[in-house]
Structures are given as C-alpha cells and as structure tokens.
Amino acid sequence: ARVRTNWYSVPVHLVGMRVEARVHTARVEFRHGGKLVGCHRRLYGHHEESLKLEHYLELLWWKPGALGRSRPLRQARQRGEWPACYDELWAKLKERYGQSGGSRQMLEVLLAHRERPHEEVHRAVEAALAYGCYDASAVRVLLRQEGCSIADASPALMKFGDLDRYARPAGDTKLYDELLGGASALKEACR
C-alpha cells in the first residue's frame with residue numbers, strides 16, 4: 001500500500017482491496033474491515049519501502065525457492081527480526097529435504113509466528129536444533145510443550161554403556177535353523 005511517497009506491505013490476501021492507513025508519528029497502521037492487518041515503522045524518506053516477511057508467506061509457499069532472495073527476508077535480517085538460529089535450521093532443512101522442500105519446511109516454521117509470540121517460536125527453533133530435530137513438525141511439537149526451553153527439557157539419553165544391564169544370553173537357534181532347512185528337519189524335530 002502506498003502512503004504519501006512510500007510503500008508498505010500488507011498481507012497478500014488483501015491485494016486489490018481497499019485498506020485504511022492511519023499515519024502516526026512513529027508508525028503506520030493498516031486496517032481492513034476495522035481489523036488491524038499491518039503495522040510498520042514510519043518511513044520519512046521518499047520512495048522507500050517497508051516489507052514484512054509475514055505478509056508474503058502464502059505467496060512464497062507457491063514459490064519456496066524465492067524465499068532466499070526475497071526483499072522481505074533481506075529487510076527482516078536488516079531489522080534484526082531473523083535470528084541466526086533460523087539460518088542454521090534452514091540450512092539443515094535444505095540439507096535434509098532439498099532446496100525447495102527445505103524452504104517449504106522453513107515457511108511452515110515462519111507460519112507459526114501467526115499463532116504464537118516470536119520469542120516462543122525462537123526458543124522452539126533453538127530447542128529443535130539442540131535436539132537435532134530438523135523438521136517443521138518438530139518445531140510445532142516443541143511449541144505445544146509448555147515452556148519449550150532447553151534447560152527444562154527432558155534429561156539427556158543414557159550412555160550406551162549403561163544398557164549392558166539389559167543384555168540377555170542368546171538362545172540356542174539350532175532347532176530354528178533346522179526348521180528353515182525343510183520338512184525333513186521338521187519331522188525329526190517333532191519326534
């Protein structure tokens with residue numbers, strides 16, 4: 001949406017619709033149908049643009065490869081809204097699912113910002129990285145957990161050496177091997 005000489009993003013589903021802009025001293029708010037749909041820090045220059053990544057997620061879902069080179073992502077990084085843990089998770093997702101699949105998984109993580117506060121999503125991403133869970137559904141599970149901090153997480157897995165206490169002696173498999181040998185071995189075993 002254009003306000004005076006500057007451009008501000010609004011959610012993609014409002015393209016072509018009329019939105020109301022309220023210009024304040026430090027911010028510009030956009031409303032549609034009386035509901036707040038966007039808020040930006042006010043730009044004072046000329047021909048500048050303020051783009052919010054969250055406004056473009058549905059569009060990027062159809063072209064996930066465009067996420068990495070998108071202007072909204074570049075601006076989110078400049079504003080400090082894109083933590084380093086997101087880049088780390090995204091790299092792991094692309095390694096696991098490929099370029100397009102990994103970007104789509106990252107978009108699923110970003111969509112979680114619409115339901116939960118940013119700090120909670122950041123903590124869930126950090127926890128997923130700490131656990132080695134490189135999947136958007138793992139981040140959602142961690143978000144559903146109360147607290148989702150790494151310090152409060154379940155205790156570390158036991159060392160493999162501690163599993164020796166569950167060792168059992170192997171049984172005699174000679175009879176089983178004979179069963180596999182054929183019907184004659186079966187007849188002898190049943191006598």
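Two strands count as paired here if DSSP finds at least two bridges between them. With that in hand, let's walk through this predicted model, starting with its strands.

**The sheet of strands 1, 2 and 6**

Three strands make up an open sheet, running in the order 1-2-6 with mixed pairing. Strand 1 (2–3) and strand 6 (49–50) sit at the edges with a single partner strand each, so one side of each has no neighbour in the sheet. Strand 2 (residues 6–8) pairs with strand 6 in the parallel sense, over two bridges. Look for Tyr8 there: its bridge partner in strand 6 is Ser50.

**A closer look at Ser50**

Ser50, which belongs to strand 6, is worth a stop. Is Ser50 buried or exposed? Its relative accessibility is 8%, and since buried means under 20%, Ser50 counts as buried. Its side chain has a polar contact with the side chain of His40, at 2.8 Å. Setting aside neighbours within four places in sequence, Ser50 is in contact with Trp7, Tyr8, Ser9, His40, Leu43, Gln75 and Arg79. So Tyr8 turns up twice for Ser50, as its bridge partner and in its contact list.

**Strands 3, 4 and 5**

Next come two hairpins that share strand 4. Strand 3 (residues 20–23) and strand 4 (residues 27–32) form one of them, with three residues between the strands. The other joins strand 4 and strand 5 with two residues in between, and Gly33 in that hairpin takes a positive phi near 65°. The pairings look like this:

| Strands | Sense | Bridges | A facing pair |
|---|---|---|---|
| Strand 3 and strand 4 | antiparallel | four | Val23 and Val28 |
| Strand 4 and strand 5 (residues 35–41) | antiparallel | six | Glu29 and Cys39 |

Back in strand 3, Ala21 stands opposite Phe30 of strand 4. As general background, strands of a sheet pair through backbone hydrogen bonds, either parallel or antiparallel.

**The nonpolar cores**

Now for the helices. The largest nonpolar core has 27 residues, and Met106 and Val125 touch the most other members. Helix 1 (57–62), helix 3 (84–111), helix 4 (118–131) and helix 5 (136–144) are the elements that give two or more residues to this core. Which of them gives the most? That would be helix 3, with nine residues. As for Val125, not counting residues up to four places away in sequence, Val125 touches Cys85, Tyr86, Leu89, Val109 and Val139. Apart from this core lies another one of eight residues, including Val3, Tyr8, Val10 and Leu14. Tyr8 is the residue we met earlier as the bridge partner of Ser50.

**One side of helix 5**

Helix 5 has five names to keep in view: Ala136, Ala138, Val139, Leu142 and Leu143 are buried there. Why do they lie on the same side of helix 5? Because they cover an arc of only 160° around the axis. Helix 3 and helix 4 are among what covers these buried residues. Val139 also ties in with the core above, since Val139 is one of the residues that Val125 touches.

How values were computed. Residues are numbered from 1 along each chain as its sequence is written. This is a predicted model: local features need pLDDT of at least 70, side-chain atom pairs count only at pLDDT 80 or more; totals for chains, interfaces and linings use all residues. Side-chain values use heavy atoms; hydrogens and water are left out. A nonpolar core is a set of buried Ala, Val, Leu, Ile, Met, Phe, Trp, Tyr and Cys residues joined through side-chain atoms within 4.5 Å. Buried means under 20% relative accessible area, exposed over 50%, partly exposed in between (1.4 Å probe, protein chains only). Contact means heavy atoms within 4.5 Å. The arc is that of the directions from the helix axis to the C-beta atoms. A polar contact is a pair of N or O atoms within 3.5 Å; within protein, one must be able to donate a hydrogen and the other to accept it, and residues adjacent in sequence count only if both atoms are side-chain atoms.
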